[in-house]
Amino acid sequence: MNDTRKTTFKGNPLTLIGPELTPGDPAPGFTVVDADHKTVSLADFQGRPMIINSILSVETGICSAQTRRFNEEAANLPPAVAILTISMDLPFGQKRFCDAEGIDRVQVLSDHRDASFGSAFGTLVKETRWLSRALFVVDARGVVRYAEYLPEIGTHPNYDAALDAIRALV
C-alpha cells in the first residue's frame, strides 16, 4: 500500500493510504454499507456510469454542499448515472442528513466498517481514519475516466470538470 502521498486539512499535512488512481485505471472493487446497513459493492453498479464523491463527513459544510450539489445535478443526468457519496460517517448519521436535506438522488454510503473504499481508491487518511476529499467518474465498463484528489480537504472539487466527464459518457 502506498502511504507516501499527502493531503492537508487546514494546512496540516496528512498521509493518504492506497493508490492514486488516474484516468484509464480500472476502478478497484470495494464494499461499503447503506443506510439500512446492507452491503453495497462496486459490482452493484456494473454497467452504469457513476460519479463517486469521497468526503470527510456529511456533517461538514463543504461535504454537505458537495452532496447537495450532486443531488441537484442528478436531475439533469440520465437515470442510469449512479451518484455515490462515501464517507466514514455511521449510516445513522448519513440517513439523518439525507432525510433533513432531501437527498434522494445520491446514494450516501458508509466506509466505516473496514475502509474498503478509502484503501482501494487512495483516499484513506492514515492519521485520522477519515476519507479525504476526492471525486471520480467511472464509466459503465468500470474504468476511471476522471479523478481529482483535493490537495486540501477543506476545498471544493471541480464540479464542472466531473460533470463534463460524466456527460461525455452518457
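Arg145 has a relative accessible area of 35% and is partly exposed. The model it belongs to is predicted. The exercises below start from this residue.

**Exercise 1. Find the salt-bridge partner of Arg145 and classify its burial.**

Step 1. Look for a carboxylate by the Arg145 side chain. Asp139 meets Arg145 in a salt bridge, with 2.8 Å from N to O.
Step 2. Check the cut-off. A salt bridge needs a nitrogen within 4 Å of a carboxyl oxygen, and this pair is at 2.8 Å.
Step 3. Classify the partner. Buried means under 20% relative accessible area. Asp139 has 7%, so it is buried.
Step 4. Set the two side by side. Arg145 is partly exposed, whereas Asp139 is buried.

**Exercise 2. Name the residues that salt bridges with shared partners join into one network.**

Step 1. Follow the shared partners. Arg69, Glu73, Asp160 and Arg167 make up one network.
Step 2. Take one link. Glu73 and Arg69 form a salt bridge whose closest N and O atoms are 2.9 Å apart.
Step 3. Place this link. Both residues belong to helix H1, four residues apart, so about one helical turn separates them.
Step 4. Recall the geometry. With 3.6 residues a turn, α-helix residues three or four places apart point the same way.
Step 5. Add the burial. Glu73 is buried at 14%, while Arg69 is partly exposed at 25%.
Step 6. Widen the view. The structure has eight salt bridges by this rule.

**Exercise 3. Describe the salt bridge between Asp99 and Lys95 and its setting.**

Step 1. Read the distance. The two side chains meet at 3.2 Å, N to O.
Step 2. Locate them. Helix H2 holds both, four residues apart, about one turn of the helix.
Step 3. Assign the burial classes. Asp99 is exposed, at 55%. Lys95 is partly exposed, at 39%.

**Exercise 4. Classify two of the aromatic pairs by geometry, then compare their settings.**

Step 1. Start with the total. The whole structure contains eight aromatic pairs.
Step 2. Take Phe9 and Trp130. Their ring centres are 5.1 Å apart and their planes make 75°. Planes over 60 degrees apart count as edge-to-face, so this pair is edge-to-face.
Step 3. Locate the partners. Phe9 is in strand E1 (residues 5–9), and Trp130 is in the loop between strand E8 (124–125) and strand E9 (134–138). The pair therefore ties together parts 121 residues apart in sequence.
Step 4. Note the exposure. Phe9 is partly exposed at 22%, and Trp130 is partly exposed at 28%.
Step 5. Turn to Phe117 and Phe121. Their centres are 4.6 Å apart, with 25° between the planes, and the pair is stacked.
Step 6. Locate this pair. Both rings belong to helix H3 (residues 116–121), four residues apart, about one turn.
Step 7. Note the burial. Phe117 is buried at 0%, and Phe121 is buried at 0%.
Step 8. Extend the picture. Phe117 and Phe121 join Phe30, Phe136 and Tyr149 in one aromatic cluster.

**Exercise 5. Work out which side of helix H4 is buried and what covers it.**

Step 1. List the buried residues. In H4 (residues 159–167) they are Tyr159, Ala162, Leu163, Ala165 and Ile166.
Step 2. Test for one side. These residues span an arc of only 160° around the axis, so they are on the same side of H4.
Step 3. Find the cover. This includes strand E5 (50–54), helix H1 (61–73), E9 and strand E10 (144–149).
Step 4. Follow one residue. Ile166 touches Pro49, Met50, Ile51, Leu77, Val81 and Val137, leaving aside residues up to four places away in sequence.

**Exercise 6. Dissect the largest nonpolar core.**

Step 1. Find the hubs. Among 27 residues, Ile51, Phe70, Leu77, Ile83, Val137 and Ile166 touch the most other members.
Step 2. Trace the elements. E2, H1, H2 (91–101), E9 and H4 each give two or more residues to this core.
Step 3. Rank them. H4 gives the most, five residues.
Step 4. Look beyond this core. Another core of 26 residues lies apart from it, including Val40, Phe117, Phe121 and Val144.

**Exercise 7. Give the strand order of the open three-stranded sheet and identify its edges.**

Step 1. Read the order. The strands run E1-E2-E8, with antiparallel pairing.
Step 2. Identify the edges. E1 and E8 each have a single partner strand, so one side of each lacks a neighbour in the sheet.
Step 3. Inspect one pairing. E2 (residues 12–17) and E8 run antiparallel and are joined by two bridges.
Step 4. Find a facing pair. Leu16 stands opposite Val125 in E8.

Note on methods:
Residues are numbered from 1 along each chain as its sequence is written. This is a predicted model: local features need pLDDT of at least 70, side-chain atom pairs count only at pLDDT 80 or more; totals for chains, interfaces and linings use all residues. Side-chain values use heavy atoms; hydrogens and water are left out. Rings of Phe, Tyr and Trp (its six-membered ring) pair if their centres lie within 6.5 Å; planes under 30 degrees apart count as stacked, over 60 as edge-to-face and the rest as tilted. Buried means under 20% relative accessible area, exposed over 50%, partly exposed in between (1.4 Å probe, protein chains only). The arc is that of the directions from the helix axis to the C-beta atoms. Contact means heavy atoms within 4.5 Å. Two strands pair if DSSP finds at least two bridges between them. A nonpolar core is a set of buried Ala, Val, Leu, Ile, Met, Phe, Trp, Tyr and Cys residues joined through side-chain atoms within 4.5 Å.
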